[in-house]
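Open the model in a viewer and keep the selection panel at hand. The stops below are given in the order in which to select them.

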Amino acid sequence: MQFSSFEQDEPAKAPRSLRILVADDDRDTVLTLTTVLRHEGYDTRGVYRGQDVLSTFEDYEPDAVLLDINMPDMNGYDVARAIK
């Protein structure tokens, strides 16, 4: 049986864990969601203010954002428009 050079030369790569950013002004909610998601194998970060979502989004580059709508300083709708 003959293999292509790609199959012989390239080691299998493990898939990267999905990054999820959790944003909510309720600290218990953030802690609970990030803990559950980490237990399921996701890479998570939590923030508590809308403005913090924007700065963390640029540095962390999440695959998904769980976003509370009613946050102080910048609501979830405004945050979603900004990251869109």
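Start by selecting D68. In this predicted model, D68 is buried but takes part in no salt bridge. Its nearest side chain of opposite charge belongs to R49, 12 Å away.

**Around D68**

D68 sits in the loop that runs between β3 (64–67) and α4 (76–83). What lies 3.4 Å from a polar atom of the D68 side chain? Show the backbone of N70: the atom at that distance is its nitrogen. Next, display the residues that D68 touches, leaving aside those up to four places away in sequence: A23, D24, D25 and G76.

**D24, a neighbour of D68**

Move to D24, which is in the loop between β1 and α2 (27–39). Is D24 buried or exposed? D24 is buried, and it too has no salt bridge. Here the nearest side chain of opposite charge is that of R27, at 9.9 Å. The D24 side chain does reach a backbone nitrogen, that of D26, at 2.8 Å. Beyond four places in sequence, the contacts of D24 are T29, V30, V47, Y48, D68 and M71. Selecting D24 and D68 together therefore shows two buried aspartates in contact, each without a salt bridge.

**The two salt bridges**

Side chains of opposite charge can pair when their charged atoms come close. How many salt bridges does a search of the whole structure find? There are 2.

For one of them, select R49 and D73. The closest N and O atoms of this pair are 2.9 Å apart. R49 belongs to the loop between β2 (43–47) and α3 (50–60), while D73 is in the loop between β3 and α4, so the salt bridge ties together parts that are 24 residues apart in sequence. R49 has a relative accessibility of 40% and therefore counts as partly exposed. While D73 is selected, check its backbone: phi is near 70°, a positive value in a residue that is not glycine.

For the other, go to helix α4 and select R81 and D78. Their side chains meet in a salt bridge with an N to O distance of 2.8 Å. Both residues lie in α4, 3 residues apart, which is about one turn of the helix. An α-helix has 3.6 residues a turn, so residues three or four places apart point the same way. R81 is exposed because its relative accessibility is 57%; D78, at 34%, counts as partly exposed.

Keep D78 selected and add G50. The two residues are 28 apart along the chain, and their C-alpha atoms are separated by 8.3 Å.

**Helix α3 and the residue after it**

G50 leads to α3. Which residues of α3 are buried? Colour G50, V53, L54, T56 and Y60: these are the buried ones. They pack against β1, β2, β3 and α4, so turning on contacts within 4.5 Å will bring up those four elements.

Just after α3, select E61, in the loop between α3 and β3. Its phi is near 50°, again a positive value in a residue other than glycine. With a relative accessibility of 52%, E61 counts as exposed.

**The whole chain**

Clear the selection and colour by secondary structure. The protein has 4 helices and 3 strands, and from the N terminus they run α-β-α-β-α-β-α. Of its 84 residues, 25% are buried. Among contacts with a separation of 6 or more, 55% are between residues 24 or more positions apart. The exposed surface is about 6200 Å², of which carbon and sulfur atoms supply 49%.

Now colour by pLDDT. The average for the protein is 87, and 82% of the residues score at least 70. Which element has the lowest mean pLDDT? Select helix α1 (residues 5–9): its mean is 53, whereas strand β1 (residues 19–23) has the highest mean, 97. Where pLDDT is low, the predicted coordinates should not be read in detail.

Note on methods:
Residues numbered from 1 in each chain as written. Predicted model: local features only at pLDDT ≥ 70, side-chain atom pairs only at ≥ 80, totals over all residues. Heavy atoms only, no water. Helix = DSSP H or I, 4+ residues; strand = E, 2+ residues; numbered from the N terminus. Buried < 20%, exposed > 50% of the residue type's maximum accessible area, 1.4 Å probe, protein only. Lys, Arg positive; Asp, Glu negative; His and termini not counted. Salt bridge = Lys/Arg side-chain N within 4 Å of Asp/Glu carboxyl O. Polar contact = N/O pair within 3.5 Å; in protein donor to acceptor, adjacent residues only side chain to side chain. pLDDT = per-residue confidence, 0-100. Areas by Shrake-Rupley, 256 points an atom, 1.4 Å probe, with all protein chains shown as cover.
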